[in-house]
Amino acid sequence: MDSLAKLLSKPRGANHPNEHLERGQYVFKGPLDSDILIIIIGATGSGKSTFINLLFGEDVAPVGKGLQSHTQRVDAYHLPYPKLPSKRVIVIDTPGFDQAKGDDWEISRRIKTWLNQSYKSKAKVFGIVYCHNILQNLSKWPAQRTFELIKAIGGPSISKKVILCTTMWDSFKEELQRTLVEREEELKRNQWKTLIDENAIVIRGKRSDGSAIEAIDILLNSAQTESPVNPQTERTKKSDSLRRNKKWHQETKIEDDFFKDPKKSDLIIIVMGATGSGKSSFINLLFPGKDVAPVGKGLASHTQMVTAYHLPDPEFPNNRIILVDTPGFDDSKGDDWEILRRIGVWLASSYEASMKVAGIVYCHDIGATRWSGGIKKTFDTFTGICGPAAARKVVLLTTMWDRFTEDAQENLEAHEAELESSFWLEMIQQKAVIHRNKRTAGSAQDTIDYLLNKNAYYDPLRLQKELVDKNQSLSKTAAGRNLLSALDRLAGDHRNEVIRYREEGGNSQRILTIEGEIAKIIADAKQRFAETIKLPKMLVLQS
């Protein structure tokens, strides 16, 4: 490392190159067209402000001491940089993502607004330093989120001007260093692979070795040979950048775990159905001897998040087959909106990454001999997600056949025939097919082979086109409206049940329980839809 880096890594004093400057000279006093911008971003507590203070050799940026983020606004500092005497290097401190007081995409918007207001269309971003606490739980910061936020701020071609800086190395004991190195390698292999493939650079940020100024040196070494990135003009050049303003991004939450390292050649098979219909069991049949997908043993759903599994298939050497397990819609828990949100944002993210849907498996417990309100709600939401055009790549999979005796088979077959001729008729007319799964690896593989045949269709699902291409909010999609209508019917059924119980002098505790379920349905519907569309009559009357 050169002598400048060594000097700037020391506390400010007689040997610091900026010792002749007063503190006020670091303050940003307005934009110049020739300014070179370096943006520092990262999660709350990742060391952004500390990184900036190391650059200046003194505490110019306030550092949070508690659990909440200290930096609540965008702040800019003028960094004297002798290698570029005719330019001003402006270091920009930003609020932390994943903080209790703000939304990730709102913070991204705030940063872009600051750039636009300060520099209009003339901002010259020479790089982004993304700080990451090396001991941070990786599941809290999904790879796709990191990738999208960086590009949202810097534009589609910013990746080659990104420093991925792992921080806090010197805060941990020597015996933890091996664990930290393993975490760093995992970041490189998984979370950050897409960015690294596009020439982002990983460095270790330590307080004692001048790594902060080294990061700036790396970014500014290209200042005389490469053009800077202008986020505003970048976003007008490539339609890809329009994705950053999609409404579905506003639905994402920090716990969402999007698929790591998506590829355009990936083929997705989505497994959906009601809670307890055998979705995870179906996936496990495709991995003989392995229980890759946890299976619920009780009444509650085990799968709570959208989870993807790579299924090796020698017949597709140039593609990865990705099986996607989804949470089941559950009329007893009242969390159907959250489940639709999780599925919706995952599908939108995969569609933006050009992953292709090869098929959808809809699991239905053949032992469910009544077409209940909960089952209808699940199926109506499913048809809203798929749309008529995608029905031709849907397999309606009846499950749990192996639980019943031979004597029961005739009744089960009659039930299957009723599904085909009545409840599933419209989707079957749109080219969906029915398969049986008798809990054997062979029957599960037959379903996958059918979806992956050489005549497979890769058209997007209706929900994907609505969220991404049409930029609709989730509440205005067909799936969202179908779910609202189903909840309206369910609230009506519950209300009728309460009336019947009262007329018959039924159990008062049961009445209170049902009324509590009605109140939960109405509250959820109001929270999701009240500001976007008109609520159905039943939900309005009961509120």
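A cavity is a set of grid points where a 1.4 Å probe fits but cannot get out. In this predicted model, that rule gives a count of seven cavities of 30 Å³ or more.

**Cavities**

The largest cavity has a volume of about 130 Å³. Its lining consists of Gly-47, Thr-50, Phe-51, Leu-54, Thr-167, Met-168, Asp-170, Gly-205, Lys-206, Arg-207, Ser-211 and Ala-212. Two elements, α2 (48-56) and α7 (211-220), give two or more residues each to this lining. The largest share comes from α2, with three residues. Sorted by class, the lining of the largest cavity holds four nonpolar, five polar and three charged residues.

**The sheet β2-β3-β1-β4-β5-β6**

Helix α2 also lies across strands of a sheet, namely β1 (36-42), β2, β3, β4 (125-133) and β5 (162-167). The direction of α2 is at about 155° to β3. The sheet itself is open and has six strands, ordered β2-β3-β1-β4-β5-β6, with mixed pairing. At its edges are β2 (75-79) and β6 (201-204), each of which pairs on one side only. On average, neighbouring strands of this sheet are turned by 25° against each other, direction ignored.

The edge strand β2 runs antiparallel to β3 (residues 89-93), and five bridges join the two. Within this pair, Tyr-77 stands opposite Val-91 in β3. Helix α5 (residues 177-191) packs on the sheet as well, where α5 touches β4, β5 and β6. The direction of α5 makes about 170° with that of β6.

**The sheet β8-β9-β7-β10-β11-β12**

Another open sheet of six strands follows the order β8-β9-β7-β10-β11-β12, and its pairing is mixed. Here the edge strands are β8 (307-311) and β12 (433-436), each pairing on one side only. The average turn between neighbouring strands of this sheet is 25°, direction ignored.

Inside this sheet, β7 (residues 267-273) and β9 (residues 321-325) run parallel and are joined by five bridges. Ile-268 stands opposite Ile-322 in β9. Helix α10 lies across β7, β8 and β9, and runs at about 170° to β7.

The table sets out the helices that lie on the strands of the two sheets.

| Helix | Strands touched | Angle to a strand |
|---|---|---|
| α2 | β1, β2, β3, β4, β5 | about 155° to β3 |
| α5 | β4, β5, β6 | about 170° to β6 |
| α10 | β7, β8, β9 | about 170° to β7 |

**Helices α10 and α15**

Two packed helices are described by the angle between their axes and the distance between the axes. For α10 (residues 336-352) and α15 (residues 462-469), the axes come within 9 Å and cross at roughly 75°. Angles of 65 to 115 degrees count as roughly perpendicular, and α10 is therefore roughly perpendicular to α15. From α10, the contact uses Gly-344, Leu-347, Ala-348, Ser-350, Tyr-351 and Glu-352. From α15 come Leu-463, Gln-464, Lys-465, Leu-467, Val-468 and Asp-469. Taken by class, the residues of the contact of α10 with α15 are six nonpolar, three polar and three charged.

How values were computed: Residues numbered from 1 in each chain as written. Predicted model: local features only at pLDDT ≥ 70, side-chain atom pairs only at ≥ 80, totals over all residues. Heavy atoms only, no water. Axes fitted to C-alpha atoms, helices over the stretch in contact; angles between N-to-C directions. Helix = DSSP H or I, 4+ residues; strand = E, 2+ residues; numbered from the N terminus. Parallel < 35°, antiparallel > 145°, perpendicular 65-115°, else oblique. Contact = heavy atoms within 4.5 Å. Nonpolar A, V, L, I, M, F, W, Y, C, P; charged D, E, K, R; others polar. 1 Å grid on protein atoms, 1.4 Å probe; cavity = no way out; pocket = protein on both sides within 12 Å on 5 of 7 lines; lining within 4 Å. Points joined across faces, edges and corners; volume = space filled by probe spheres on them. Pairing = 2+ DSSP bridges.
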